[in-house]
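Here are a few exercises to work through with the model open beside you. Try each task before you read its solution.

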Amino acid sequence: GMTAAQPPVATLDPTVQQQIETLFQGVDEHPALLVTGASVAAARAELDGLRFPISVQAQVNANRPFVSAPDGTAESVIEEAEAWSTSASIRAVLRPFLLGDLADGERQQRVSLVQAERRARETRASLEAASLQAAAGLVLAEQGLRIAEVGLLLAQEAETATAIRIDRGAARSVDGERARLEVARAEEALRSAQRRVALAEARLADLVGPGVRLDSLPDPASLPILPPALAPDPAVVQAELDRTLAQIGLSSAGRSLLPTANVAYTLNGADASVSVALETRTFQPTVSVDLPSGVTSPPGSPVDIESVVSVGLSYEFGGDVVGSVSAAQARLAAAEAAIVSAERSAALAAADREEARAAARAEAAFARIDFDLAERNAEEVRTQRELGLATALDVLRADLARLQADLGVLNADVSLLDATLADYRDLAIPLSEVLP
């Protein structure tokens, strides 16, 4: 992740950076982030619960028998036989350390916490990239609206000029119909552009809330390219976590082939007994208190049992146990192979993203050349207009062509921005982490 080394730092215009930071503050309240944040909190709580050093269980029981007795039995005897009897027990399981099955459980829970944290980072990275793309889309839509307005003005001017030419006999009626068609098309283009602006505003508001926007696009070159060492592919990281889980599963399955030993010591008293027990599956001591004592002398025996030492050994063997070990070995082999596959896919995806950036950079350069040509042409048409060699309609057409070329530059910059953001989105690196 980005915490392993010093991350690269963006070199944004201060005004644009402030607006981007405002965008990301809106992302903080997105429901998807609240969901992943709750998942991280739940995973951390489960891990803390597993690591808690003691677990206590208390139990109280009350029993009353109902008896039948021959005629003539004393009432006091029956009452004594039917009297309530109570018992209580307390079990305290101590976890001064985690070994065996408990250690496996703790490792699994740590993996679950890492997975939850990675999902939270992936969600944030995706939302931040999406919010910046949505803000850029709004800038693009607004420029499209300006061009649609000029396009409608040009179509209306052309319709007027055509009507004059028809009156003078220099154009046909079909030219007038075609001019009216172009006006209708320009009106529809304007309506569509207005709708696109409204949709872009709604899309951005859905991500960051109302009233937040960018005044201009950030320079894609100001966003650093992520070095592979700082940003491993999430699929590779997940494959490595799967391998860890497979290793834990094999360790647990292998332990099931071993015998389980247990030892206990019980100190017996007149009214209670206290026991300390230990078994080799988890090595966690258990302290028990039983009221009354669960250890009793045989009826009629003149001796009192003061303490008891218990030693036991259990062993289980069967097809299911052997099969679980074989299955765990197969899952580990599959996890190892999945890492190799994920690394290959990650390398191909990185090459695809790099090629997309290179193509977008080239297109951005071409768009700027096209804009320079359109701007020069517009200046030349104005000069011709001053010399009486071009009409006002020609000037309007040249200005529209220049605006369209400007839109082409903006569109190319948005494509380059998208290609740059693909790294942050696909590699689950929140863009906010590279802001100075």
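**Exercise 1. An unusual phi**

Where is F283 found? Place the residue, then look at its backbone and its exposure.

Solution. Start with a note on what you're looking at: this is a predicted model, where local features need pLDDT of at least 70, side-chain atom pairs count only at pLDDT 80 or more, and totals for chains, interfaces and linings use all residues. Residues are numbered from 1 along each chain as its sequence is written, and side-chain values use heavy atoms, with hydrogens and water left out.

Step 1: F283 sits in the loop between β4 and β5. Strands here are DSSP runs of E with at least two residues, helices are runs of H or I with at least four, and both are numbered from the N terminus.

Step 2: check the backbone. The phi of F283 is near 60°, a positive value in a residue other than glycine. Most residues other than glycine have a negative phi, and most peptide bonds are trans.

Step 3: check the exposure. F283 has a relative accessible area of 33%, so it is partly exposed. The scale runs like this: buried is under 20% relative accessible area, exposed is over 50%, and partly exposed is in between (1.4 Å probe, protein chains only).

**Exercise 2. Another positive phi, and a cis bond**

Is A428 buried or exposed? Then find the residues joined by a cis peptide bond.

Solution. Step 1: A428 lies in the segment after α8, and its phi is also near 60°, a positive value in a residue other than glycine.

Step 2: A428 counts as buried because its relative accessibility is 2%.

Step 3: the cis peptide bond joins L291 and P292, with omega about -10°. P292 is in the loop between β5 (286–291) and β6.

**Exercise 3. Nonpolar side chains, outside and inside**

Which elements give two or more residues to the nonpolar surface patch? Follow that with the largest nonpolar core.

Solution. Step 1: list the patch. F97, L99, V263, Y265, L267, V274, L278, F283, V309 and V311 make a nonpolar surface patch of about 880 Å². Patches take residues with over 30% relative accessible area and no salt bridge; nonpolar side chains (Val, Leu, Ile, Met, Phe, Trp, Tyr) are joined within 5 Å, like charges within 9 Å. Accessible areas come from the Shrake-Rupley method with a 1.4 Å probe, and for residues only the protein chains shown count as cover.

Step 2: map it onto the elements. β3 (260–268), β4 (273–279) and β6 (307–314) each give two or more residues, with the largest share, three residues, coming from β3.

Step 3: look at one member outside the strands. L99 is in the loop between β2 (85–94) and α4 (100–167), and its relative accessible area of 39% is why it counts as partly exposed.

Step 4: go inside. The largest nonpolar core has 47 residues, and I20, L23, L132, L223 and L431 have the most contacts inside it. The elements giving two or more residues to this core are α1 (14–27), α4, α5 (173–208) and α8 (392–426), and α4 gives the most, with 14 residues. Such a core is a set of buried Ala, Val, Leu, Ile, Met, Phe, Trp, Tyr and Cys residues joined through side-chain atoms within 4.5 Å.

**Exercise 4. A salt-bridge network**

Which residues are joined into one network by salt bridges that share partners? Build up to it pair by pair.

Solution. Step 1: the structure holds 28 salt bridges. Each is a side-chain nitrogen of Lys or Arg within 4 Å of a carboxyl oxygen of Asp or Glu.

Step 2: D426 and R353 meet in a salt bridge (3.8 Å, N to O). This pair links distant parts of the chain, with D426 in helix α8 and R353 in helix α7, 73 residues apart. D426 is partly exposed, at 32% relative accessible area, whereas R353 is buried, at 9%.

Step 3: R357 bridges to E354, their closest N and O atoms being 2.5 Å apart. These two are three residues apart in helix α7, so about one helical turn separates them. R357 is buried at 3%, while E354 is partly exposed at 35%.

Step 4: D426 also pairs with R425 (3.4 Å, N to O). Through shared partners, R353, E354, R357, R361, D423, R425 and D426 form one network.
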